[in-house]
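Student: Could you take me through one part of this model slowly, beginning with a single strand and its surroundings and then moving outward to the rest of the fold? I would like the reasoning for each call of buried or exposed to be spelled out.

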Amino acid sequence: MLQDADALPQLIGDYKPVDQWQSHINRLFYRFRGDQVRRFYQTYASADYRLAHALAQDYYEQVLKRDKAGPKNSTLVVHEWGPGNGNLAACFLDHLKKVDRTGAVYPRVRYVLVDWEPALLDAARATPGLAEHQAHIETLCTSVERLASVPDGTVDRIICNELWNDLPTKLMSRKGAEIEEEHLRPNLSERLCPKIEDWAGFVRAFDGQDVEMLKRFPPFFDDLVWEREFHPVEWKDVPFRKTVTEFLRRIDEQVVVPVNIGAFATLKEAKRLLTPNAIGFSSFDAGTADLKVLNDPDKPCSGQFGGQQSFMVNFALVEAVGKQLDFGQLVIESQREFVGRSLGKNLLTLMDLLATHPSAGTKMQAWEQDRLVLETIHALNSVYDSPYQRTLEFPIGADVPSEEREALQALSESLKPNGVPDTVAYLTEDELTAASKELEEIGYDPQSFLIALSAPPGPVDYFQMTVRQ
């Protein structure tokens, strides 16, 4: 079926399994829009610091505990797979250096940024926050699914932050005793087709991922239209067939579930790389481990952000693969709970706070939503003090009425530099309580967000999978 039946598309490729087109499109996306990622989506490590600080605190405590029990490792190799803009690395090393008052851990750390795209890797290393840590930073340009240049048993800690959903993922369902997988076929919308004079040249460049040639044509990511159909699975392209097949028997017939084969590959590689007494591997991502959710035919398996294809992580199946690999002790927990435990405080995300506003779920114009976000951050900034000085990036949309634009711009520019750092950020119960009067003035009911603080994770939420050796 077409995503948009009225688009009258023109074919630009053949049917292939979802993961093959995902890899194709995402490679082009990062070549064209890698420096614009935060326009399309944000992560809890893009600008916020609390996840990084929690990881640093945990690492510091785990290393000290291990050092007391036996010989010290002279060098501590920490890998970050998919370092994004470098903010997680900078905040991790900042906090590790701060808590390590005796110099027992930080001086030994060699922090390796790993990504397959050279330009993104260079940009991450050049982030200003890493300037004072350059002596501890290295980069490695390779696929995280196979780090051939890294010897076995040489890495102490691996952090994989919101990367699994970008790695190759198949969409499978069971039909009787047979397993099928979704195939995609790309088209270009009728709107863009007339603007491409050399159609054959465009199709060749798109098929060959010829970035330099594609730059000569109009931007196309927002005009891709996908046809979908199911074909029998080619098992030669699917690792861990037995585990995948057994898992699909637990899912109702013709219910599609993500099979995150890229995540499987990272687990296998992490097991090879980690030292026998390593602190371990952690992956943070959006997904679920709940079979009830996975059995829901209407669950959100995938999404597109600026043309990039992203998939929900099937933590239950990834966990089953980890057990087949005999990869240590696996624990899945809410990312919010992990960060909150580190701080010793109850937490709420800014997005969860916004969801408690009476206007949430109502039909609002985009600019009205922007105004609510800015007013909420302004209210929180009366009590919120970040250890970092940052300008919150909040572009004012083109659809804002002229009479509102100036007010929104002024509100955006008035936000203090050490306030809430991003629209994706963690807030403590203390901060919410202290700002409750200001929040109440813009329509919030303090009772609602205080209840939300103790609410369990949503059916699809941000989780952490940790493996300790």
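Tutor: What follows starts at one strand, moves to its neighbours and the core, and ends with a few single residues. The model is a predicted one, and every value below should be read with that in mind.

The strand to look at is S4, which covers residues 109–115 and is largely enclosed by the rest of the structure, because six of its seven residues are buried. On one side S4 pairs with strand S3 (residues 76–81) in the parallel sense, over six bridges, and within that pairing Leu76 has Val109 of S4 as its bridge partner. Between S3 and S4 the chain passes through helix H4 (residues 87–99), and the resulting β-α-β crossover is right-handed. S4 also pairs with strand S5 (residues 137–141), again in the parallel sense, here over five bridges; Leu113 finds its bridge partner in Thr139 of S5. S4, helix H5 (residues 118–125) and S5 together form a β-α-β unit that is right-handed.

The loop between H5 and S5 holds Pro128, which is exposed because its relative accessible area, 69%, lies above the 50% cut-off. Although Pro128 and Ala90 are separated by 38 residues in sequence, their C-alpha atoms are 8.5 Å apart in space.

The packing can be followed through the largest nonpolar core, which has 68 residues and in which Tyr59, Phe92, Tyr111 and Leu353 touch the most other members. If neighbours within four places in sequence are set aside, Phe92 is in contact with Ala52, Leu55, Ala56, Tyr59, Tyr111 and Ile159, a list that includes Tyr59 and Tyr111 from the residues just named. Apart from this core lies another, of 50 residues, with Leu147, Ile251, Ala263 and Ala316 among them.

The cysteines can be treated briefly, since the structure holds zero disulfides. Cys160 is in no disulfide, and the nearest cysteine sulfur, which belongs to Cys141, is 16 Å away. Cys160 is buried, because its relative accessible area is 0%, and Cys193, with a relative accessible area of 17%, is buried as well, because that value is under the 20% cut-off.

Two residues deserve attention for their backbone angles. Most residues other than glycine have a negative phi. Phe240, however, has a phi near 55°, a positive value in a residue other than glycine, and this residue sits in the loop between strand S9 (224–232) and helix H8 (241–248). Asp326 likewise has a positive phi of about 55° although it is not a glycine, and its place is the loop between helix H11 (315–324) and strand S15 (329–334). As for their surroundings, Phe240 is buried, because its relative accessible area is 17%, whereas Asp326 counts as exposed, because its relative accessibility is 60%.

The last residue to examine is Ser359, found in the loop between helix H13 (350–355) and helix H14 (366–380). Ser359 counts as buried, because its relative accessibility is 17%. The side chain of Ser359 makes a polar contact of 2.8 Å with the side chain of His357, and, not counting residues up to four places away in sequence, Ser359 touches Met364 and Leu372.

Definitions and conventions: Residues are numbered from 1 along each chain as its sequence is written. This is a predicted model: local features need pLDDT of at least 70, side-chain atom pairs count only at pLDDT 80 or more; totals for chains, interfaces and linings use all residues. Side-chain values use heavy atoms; hydrogens and water are left out. Helices (H or I, at least four residues) and strands (E, at least two) are DSSP runs, numbered from the N terminus. Buried means under 20% relative accessible area, exposed over 50%, partly exposed in between (1.4 Å probe, protein chains only). A polar contact is a pair of N or O atoms within 3.5 Å; within protein, one must be able to donate a hydrogen and the other to accept it, and residues adjacent in sequence count only if both atoms are side-chain atoms. Contact means heavy atoms within 4.5 Å. A nonpolar core is a set of buried Ala, Val, Leu, Ile, Met, Phe, Trp, Tyr and Cys residues joined through side-chain atoms within 4.5 Å. A disulfide is a pair of cysteine sulfur atoms within 2.5 Å. Two strands pair if DSSP finds at least two bridges between them. A crossover is right-handed if, with the strands pointing away from the viewer, the path from the first strand over the helix to the second runs clockwise.
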